[in-house]
Amino acid sequence: RVDEWTDVDRKRVMNDIITTMFNKKFMEELFKPQELYSKKALRTVYDRLAHASIMRLNQASMDKLYDLMTMAFKYQVLLCPRPKDILLITFNHLDAIKDFIHDSPSILNQVDETFRQLIGTYGCLSAGEFQLIRQTLLVFFQDMHIRVSIFLKDKVQNSNGRFVLPISGPVPWGTEVPGLIRMFNHNGDEVKRTEFTTDGNYVTPQREGSFDLYGDRVLKLGTNMYSVSRPVETHVSGSSKNLASHTKENTAPNPLAKEELNFLARLLGGLEAKTPGCSETGFRLNLFTTDEEEEHAALTRPEELSYKVINIEATQ
């Protein structure tokens, strides 16, 4: 274990992970039309991506990182003003990634190619198709209610782990501020107007976010939520513990299991976990304040919430 974490190390880890994440073969598999795969498959791919460099996490820190990422993404999908804004959130992610590797042209090209594929695949979808995508994602995350300190402090998450929908601020692009009801006759002529008061303080958005390769996305969801330095913690809420204890996995054979395993094998084919060389000991990332906290979290985590995943032994 090396205690000193330099900018060179940070850049190497980011480059390795981003290169693996945007691997051409991996992206081709992701863009193929397919059913949404299971939480276990997602977690397995996530583990492999996280260990694509010399960085290593033990089970407790990996669990915590996964909880943070999934809850942050659920928050972004849940609060996006209109379904199509899922694309703008994704572009915010890509913009941030490009900032990490701005001086690595070959990796930058990989990310830009993914951007172009996203536009080609999703740019022409209707609002209804985007709504279906959004609802599918929300169904995937609906039973996950991990409390995150940054969300609790900002009052966007309740103590039970559920998110708070705002009743103020900009309305979705292309819509009007609520407060007016128009009535029309059978000819389509407006015949009456009725105004009503709202509890929220709504405003009209100034402009639509850019869907170009480079541009102002306007929407802040998907940008760095840690821009203000503060500690970040995750806690399994009581409701989640109760839910987990009543939703043990069905042991009946799943007819799609073989197909999903084949798909997962194809995905992982382009995700090679790196083992530090002879001269490298690697870096262990601990998401807890102390090693003792990390060990305690590993021991106290409910068994129902522990994912049975590929275990990557970093010391071998």
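V218 is partly exposed in this predicted model, with a relative accessible area of 29%. V218 belongs to the loop between β6 and β7, and its phi is near 65°, a positive value in a residue other than glycine. The chain that holds this loop has 11 helices and eight strands. Of its 316 residues, 37% count as buried. Among contacts with a separation of 6 or more, 75% are made by residues 24 or more positions apart.

**The loop between β6 and β7**

- S210 is found in the loop between β6 (202-203) and β7 (234-236), the loop in which V218 also lies.
- S210 has a relative accessible area of 16% and is therefore buried, since the limit for that class is under 20%.
- A polar atom of the S210 side chain lies 3.1 Å from the backbone nitrogen of D212.
- Residues up to four places away in sequence being left out, S210 touches L88, F91, G215, D216 and R217.

**A second positive phi**

- K155 has a phi near 60°, which is a positive value in a residue other than glycine.
- The position of K155 is in the loop between α8 and β3.
- K155 counts as exposed, at 66% relative accessibility, whereas V218 is partly exposed at 29%.

**The β4-β5 hairpin**

- Strand β4 (residues 180-184) and strand β5 run antiparallel and are joined by five bridges.
- The two strands form a hairpin with five residues between them.
- Within the turn, G188 has a positive phi of about 85°.
- L180 of the hairpin has E195 in β5 as its bridge partner, and F184 is bridged to E190 in β5.
- F184 is placed in strand β4 and counts as partly exposed, at 48% relative accessibility.
- With neighbours within four places in sequence set aside, F184 is in contact with D189, E190 and V191; E190 is thus named both as a contact and as the bridge partner of F184.
- Strand β5 (residues 190-195) lies largely in the open, because the number of buried residues among its six is zero.
- As background, side chains in a regular strand alternate between the two faces of the sheet.

**Aromatic pairs and cluster**

- The count of aromatic pairs comes to eight.
- One of these pairs is formed by F140 and F141, which meet edge-to-face with 5.0 Å from centre to centre and 90° between the planes.
- Both rings belong to buried residues: F140 has a relative accessible area of 12%, and F141 has a relative accessibility of 5%.
- F151 and F163 are likewise edge-to-face, because their planes stand at 80°, with the ring centres 5.4 Å apart.
- F151 lies in helix α8 (residues 149-153) and F163 in the loop between α8 and β3 (169-170), so this pair ties together parts that are 12 residues apart in sequence.
- F151 counts as buried at 4% relative accessibility, and F163 counts as buried at 12%.
- The loop that holds F163 is also the location of K155, a residue that counts as exposed.
- F140 and F141 form one aromatic cluster together with F73.

**Lysines over aromatic rings**

- K84 places its charged end over the ring of F211, 4.6 Å from the ring centre.
- K98 places its charged end over the ring of Y214, 4.2 Å from the ring centre.

**Cysteines**

- A disulfide is a covalent bond between the sulfur atoms of two cysteines.
- The number of disulfides in the structure is zero.
- C80 is buried, with a relative accessible area of 5%, whereas C124 counts as exposed, at 66% relative accessibility.

Note on methods. Residues numbered from 1 in each chain as written. Predicted model: local features only at pLDDT ≥ 70, side-chain atom pairs only at ≥ 80, totals over all residues. Heavy atoms only, no water. Buried < 20%, exposed > 50% of the residue type's maximum accessible area, 1.4 Å probe, protein only. Helix = DSSP H or I, 4+ residues; strand = E, 2+ residues; numbered from the N terminus. Pairing = 2+ DSSP bridges. Phe/Tyr/Trp six-rings, centres within 6.5 Å; stacked < 30°, edge-to-face > 60°. Lys NZ or Arg CZ within 6 Å of the ring centre and 35° of its normal. Polar contact = N/O pair within 3.5 Å; in protein donor to acceptor, adjacent residues only side chain to side chain. Contact = heavy atoms within 4.5 Å. Disulfide = S-S within 2.5 Å.
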